Amino acid sequence: MRGRMVAAGWWCGKHRRFVRRALVVAVVGAVLLGGGTVASVVWIRGGADGHIYDEAVVPDAPVVLVLGTKVDAHGRPSPFLTARLEIAQRLFEAGKVRAILVSGDNMNADYNEPGAMRRWLVDRGVPARKVVLDRAGYDTYDSCARAKRIFGVERATVVTQSFHLPRAVALCRRLGIDANGVGDETARRNAQRWRVSSAREYGACVKAALDLLSGRDPVRLGPRETGVDDALRDG
């Protein structure tokens, strides 16, 4: 009987020590994760300081980079993407940019963000020769890296929603593009998606920081493309 009590006491003591250690590890992990997230957000967003403008006063640039997002099953841009395209169209019509680079996901034949973006712009009067497609902009990092490395963009205006804009501008700038940005606010009407997307930016900033620190290549590279050069040269 006494032996069983001693064994039970030893087991309880060991269990308590294990629980305490597990709690310490969990707390330390949470602190490190939280600190890493805050540091990533501050570093990434800091890279966009002084480079976010209202549409009316954004400095002129040769190219506007429009970042892709969801299109529906019929190839129609979502409200978020439509808002981005509207800004790009106005910038082009105002003479603030001379070419439009649309970058998005065209991973397979059934889903084509850049193709939908180009159709939308051309249907509204933008000359087709002025719209250049990047079919491998699978995320913001890839779009910015490919704009520089594949399309040779040196200076650009980046267009996306305002919650996404600091990360997008910072990535472009840290990847070698002299970038400014214009953000859309009209999509706030879709309040639930706006809140969810805004919250996701914290995790996205951590990924962006890791991408930059690792210096990873985009998912797809390939040879230099002259589409932007041609669009700028063509009147």
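A residue is termed buried when under 20% of its relative accessible area remains. By this criterion, strand S6, which spans residues 178–184 of the predicted model, is mostly covered, with five of its seven residues buried.

Strand S6 has pairing partners in strands S1 and S5. With strand S5 (residues 155–161), S6 runs parallel, and seven bridges join the two. Within this pairing, Thr-160 stands opposite Gly-183 of S6. The connection between these strands passes through helix H5 (residues 165–174), and the resulting β-α-β crossover from S5 to S6 is right-handed. Strand S1, formed by residues 52–53, also pairs with S6 in the parallel sense, here over two bridges. In this case Tyr-53 is the residue that stands opposite Val-182 of S6. In general, the side chains of a regular strand alternate between the two faces of the sheet.

The analysis of open space in the model concerned its largest pocket. Rolling a probe the size of a water molecule over the atoms shows where empty space is left. The largest pocket has a volume of about 480 Å³. Its lining comprises 23 residues, and those nearest the centre of the pocket are Gly-68, Thr-69, Arg-84, His-164 and Arg-167. Three helices, H2 (79–93), H4 (140–149) and H6 (191–214), each supply at least two residues of this lining. Helix H6 gives the most, with six residues. Classified by type, the lining of the largest pocket contains nine polar, eight charged and six nonpolar residues.

Methods:
Residues numbered from 1 in each chain as written. Predicted model: local features only at pLDDT ≥ 70, side-chain atom pairs only at ≥ 80, totals over all residues. Heavy atoms only, no water. Buried < 20%, exposed > 50% of the residue type's maximum accessible area, 1.4 Å probe, protein only. Helix = DSSP H or I, 4+ residues; strand = E, 2+ residues; numbered from the N terminus. Pairing = 2+ DSSP bridges. Right-handed = clockwise from strand over helix to strand, strands pointing away. 1 Å grid on protein atoms, 1.4 Å probe; cavity = no way out; pocket = protein on both sides within 12 Å on 5 of 7 lines; lining within 4 Å. Points joined across faces, edges and corners; volume = space filled by probe spheres on them. Nonpolar A, V, L, I, M, F, W, Y, C, P; charged D, E, K, R; others polar.
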